[in-house]
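Got the viewer open? Load the chain, switch to cartoon view and keep the selection box handy.

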Amino acid sequence: MCQNWCYSVEPFGLNQPFLPLGKEKFHKSQHWGYCNKIAMLVAEDKPGIGGEPLHGQKLKPKYSVFPRGVGSDAPSWVAFDKQVLSFDAYFDEEVPEKNQELYRIRHCKIYFYLEDDTIQVVEPQVKNSGIPQGTIVRRHRIPLPPPNEDQFYTVDYFNINTEVIFYARRYKIVDCDQFTKFFLRKLGVRLNPPAYHPEDPYTRGRQKIADSMKPLRPYERFDTLRQFLEYDGHVLRFYCMWDDTESTFGDPRELILHYFLADDTIEIKEVIPVNSGRDAVPLFLNRKKLPKYAPAGLYQPGAITDRTVLNVFGGLVGNKGRYILDNRKTGTVHQEFYKDSDLTIGAVINVWGRRVKLCDCDEFTKEYYMTKYGIKDFTPIPFKAPPPSKIEKKFPPYTGFGSEEDSLCSCLSLLPQPPQKDFKKFMEKDRKGLESNLLRFLAKFITDNPIDKDRQFIISYFLSDDTISVFETPQRNTGILGGKFLERSRIKKPGQELFKSEISEYFKAQDLFVGAKVCFHGHNFLLVDADEYAFNYMEKHADEFPMANISLILNKLKAIGEPSSREIKQIFAATDPDHTKIIEYNPFRNLMVNITGGKLSEHEIMTIGRHYSEQNEFEMDINFLLAVAQEQLKKNSVENFGQLSATFVYNDREKCGLLSHEKCRTICKSFRLPLADDLLRALLTMFEDGKEQVDYKKFVNGLNWRENPVPTFQTIKVPIKYEDDWSGQPPSLPVKRIKYLPLIQDVFGTEE
C-alpha cells in the first residue's frame, strides 16, 4: 500500500518568478511519498535525474508563472508588495422563503494579491439589507473546483466576463480597475469587453417605494450640514462704531462684530475702555441671526416660526389626531437676515434699533471678500478717538532718609516694596572661576599738598553691582597708615542736586580709565594706571569701552592728523634716526601728545601702544616658561601626565591632535595644576598654531619634568605673580617698544 504525500523542501515563495519584467525562474521542489514507511519519489510530477522533468512530462504550475522580461531578480514578496488586482463581480443566490423576491443579486469585489496568489472577496455594505456583509472569503489561497482541487487559483484564471468558482459559489467577473487591465495586458492576456451589471430586483423595488413616499408627520428637512462642514471655524471680523452721542450721557461706542460663516449668525462684543465707568458685560449681542428690518417686538408671539403645523382631523377618530405641515406656508412671516454680502466697510447695519457702522476688518475677512466677491478696496474709516494725553507722573523730591530707590518705591504703590536689584547682571558679572569681573586702577590725589601728593590708591570697580571701593597702599616713612580708604558702595557723580525727584547719576565702568579725573565724596583722584586684567577686559569688550576700542581711536587719530599726515610721517622718521622701525614707549607717548594736542587720553595712547607693541625676547622664550612651570610642578609632586594626556585625547573628537585654547585651559584647571593663570595662558600660546589651536601632545611633553626636564635658570628675571597679588605697582611686562610703521599705514595708508 502506497500513500502519496507531497512536501516542499524550499521556503514558501523563495524562488518564485513574480516579476512581470524580470527573468523567469523555475520552481524546483522535491515531492516525497512513502511506500511501506519508506520515503521515495512516487508523485506524478517526480523529476528525473538532476531534478529535470522527464520526456513528455508537463508539470502543473503551483504558483503564477510570469513571462520573461528585463528587470531585477527580487523575490515575489518584494517585487509585488502591496500590488493587488481588483475585479468587480457578482453572484446570485436563491430566496426560497419569500414571495417578494425569488433571487437576489449580490455585488462584490475580488482582490488577487500578486505577492503570494492569495484571494479575498469583499461585499460592500448596503443600507438596511438585513444580510451580513463585508468580507465573504478571507484572504488565503483558494483551490480550484473538483476534480482539480489539488491546484490553486493563479493569475491565469482571471479575466473580464468570465466566471470563477470559490467553494461551490459561482462568481461572475464583469469589470476591473485600470491597474488590473494594464497588468494583465503586460502578461499578454487578451481582455474581454466588460459584462452587464444586473440589478437586484428587490432592491430596485424598495428604492421606488422610498422615492415615492412623502412623510405625513410634521417634519421638514433643512440641509445645513454642507455649509457647516465647509465653513466651520471660519469667522469674519469687522471693527464697528455705534454713535450714541444723541442720548443722555451717550458717547461713541467701539464694537467688534463676528460673522460665523458656518450658520450665518452674528455676535457683537464691546471694547470697553479702562476707567470708563461701564460694566464689563460678556457680549453686546448674543450669537444669533440678525434680522434686517423691524425688531421682533412688532410681531405677535408665534408669528415667526420655521414651520406651520396643520391639525387635519383634530382627534375625531379614536382620539387620534392627524398632523401635516403647511406646504403652502400661508400666513408665514418672511424675514430677511443679514448675510455676508451685506457686510462691507462703510455699511450701516441695524442692530435691533441701533445703527452700527462698519469701519474696518481683519486680514482674513479681506481675503475672503477678495476671493468670493472680487472686492479690492478695503480703505478703513477712522473711528477711534485720539488717545488722551498721558499724564506725567510727578514724584516728590528725595527726603534724605534711606536710599533714593527705596524712597521712590514708597511712591509707586500703597504697599511699599523693596527696590529690585539687577539679579541677571549680578549672575553674569559676579566672580566665577578665573574671571573676577573686577577692574582695578592705580590713582593719586590731585592736590598741591606735598604730603598727599605721593599717596597711592587702588580703586576697584565691581561690575556685578556697579560699586566702588578705594584702598590706600601702605608706604614706608610717609607717616600715613594705609588700608581701607572708602567702603564699597555706589558713588554719585559730583555736581548733582541732593533733594530732587529724579534718581541721581552714579559712576559707571565707562567713566574709569587711565587719565580720567574722578571725584569721590570731595576727593579728587587721577587714574594713572590699571592692572592687566582691566586692560584685557576693556579691550575684549571694546563696544562698551570707547577708550579701549582701537577702531574708534584710529578713526579719531585719522581725523586729527589727516591735514598734516606728511609732517607726522616726517616726525616719526626723525624720532627713529637708525631706521629700526621701532620707538620706545616714552618718546612714542610724548609724540602722540604733541601730534594730537592732548586730545587723546592716556588710556587711548596706551591702547595704541599695546596694539602695536613689540614683545620682549624673554617673553617669547619658551624654555624659560617651561623651566618655571616644571619647577612649580616638581615642588607640588605632579606626575599624572599620562592621565592628563588621555583626557586631552578623549576631548579631541576629531582626533587631529589640536584643541582650542580655552578647552585646554579648562582641562588643566580641572586637574588643578599648580600654575598661575598668566603662566598657563602664556604656555598655551606658545604651542598654538595660526588658528588658535593648541598642539596638546607637545604641551604635555613640555610639562613632563620626568621625561623631558628643562635646565633651570640661575636667575629669574621676571617673577611670576598671581593676578590677585597686584599692589598698584607698574606691570611686570610693560609696553616698551612700539612698531610705528603699521600704525602709520593703518591711519594714513601707504604711499604710492
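What follows is a walk through the chain, one selection at a time.

**Before you click**

You are looking at a predicted model, in which local features need pLDDT of at least 70, side-chain atom pairs count only at pLDDT 80 or more, and totals for chains, interfaces and linings use all residues. Numbering starts from 1 along each chain as its sequence is written, and side-chain values use heavy atoms, with hydrogens and water left out.

**Whole chain**

Start with everything selected. The chain holds 20 helices and 28 strands; helices (H or I, at least four residues) and strands (E, at least two) are DSSP runs, numbered from the N terminus. Of the 752 residues, 34% are buried, where buried means under 20% relative accessible area, exposed over 50% and partly exposed in between, with a 1.4 Å probe and protein chains only. Color by element on the surface: about 49,000 Å² is accessible, and 53% of that belongs to carbon and sulfur atoms. Those areas come from the Shrake-Rupley method with a 1.4 Å probe, and for residues only the protein chains shown count as cover. Among contacts (heavy atoms within 4.5 Å) with a separation of 6 or more, 58% are between residues 24 or more positions apart.

**Stop 1: the sheet that ends in β13 and β16**

Which strands make up the open sheet of 6 with β13 at one end of its order? Reading across, you get β13-β12-β11-β10-β17-β16, with antiparallel pairing. Strands count as paired if DSSP finds at least two bridges between them. β13 (285–288) and β16 are the edges, each with a single partner strand, so one side of each has no neighbour in the sheet. From one strand to the next, the twist averages 35 degrees. Angles here run from 0 to 180 degrees between N-to-C directions, and axes are lines fitted to C-alpha atoms, for helices over the stretch in contact.

At the β13 edge, select 265–271 for β12, which pairs with β13 in the antiparallel sense over 2 bridges. Ile268 has Leu285 in β13 as its bridge partner.

Now go to the other edge and pick 348–351, which is β16; 4 bridges join β16 to β17, and the two run antiparallel. Their hairpin has 2 residues between the strands, and there Trp352 takes a positive phi near 50 degrees. Zoom in on Val356 of β17: Ile349 stands opposite Val356, and Val356 is also the bridge partner of Trp242. Behind that second pairing are β10 (235–243) and β17 (354–361), antiparallel over 5 bridges.

Add 363–372 to the view. That is helix α5, lying across β10 and β17 and running at about 110 degrees to β10.

**Stop 2: the sheet that ends in β21 and β22**

Another open sheet of 6 strands has the order β21-β20-β19-β18-β23-β22, again with antiparallel pairing. β21 (483–489) and β22 (517–520) are its edge strands, each pairing on one side only. Here the twist averages 30 degrees from strand to strand. Select 523–530 to light up β23, which pairs with β22 in the antiparallel sense over 4 bridges; look for Lys517 opposite Leu526 in β23.

Next, center on Phe445, in strand β18. Is Phe445 buried or exposed? Its relative accessibility is 13%, so Phe445 counts as buried. Leaving out residues up to four places away in sequence, Phe445 touches Asp452, Arg455, Phe457, Phe485, His523, Asn524 and Phe525. Draw a C-alpha to C-alpha distance from Phe445 to Cys519 and you get 9.9 Å, across 74 residues of sequence.

**Stop 3: α9, α13 and α10**

Bring in helix α9, which lies across β18 (438–445) and β23, at about 120 degrees to β18. The axes of α9 (532–540) and α13 come within 12 Å and cross at roughly 85 degrees. That makes α9 and α13 roughly perpendicular, since 65 to 115 degrees counts as such, under 35 as roughly parallel, over 145 as roughly antiparallel and the rest as oblique. Show side chains for Glu532, Phe535, Asn536, Met538 and Glu539 of α9, plus His603, Met606 and Arg610 of α13, to see the contact.

Last selection: α10 (550–561) and α13 (602–611), whose axes come within 10 Å and cross at roughly 110 degrees. Ile550, Ile553, Lys556 and Leu557 of α10 meet Glu604, Thr607, Ile608 and His611 of α13.
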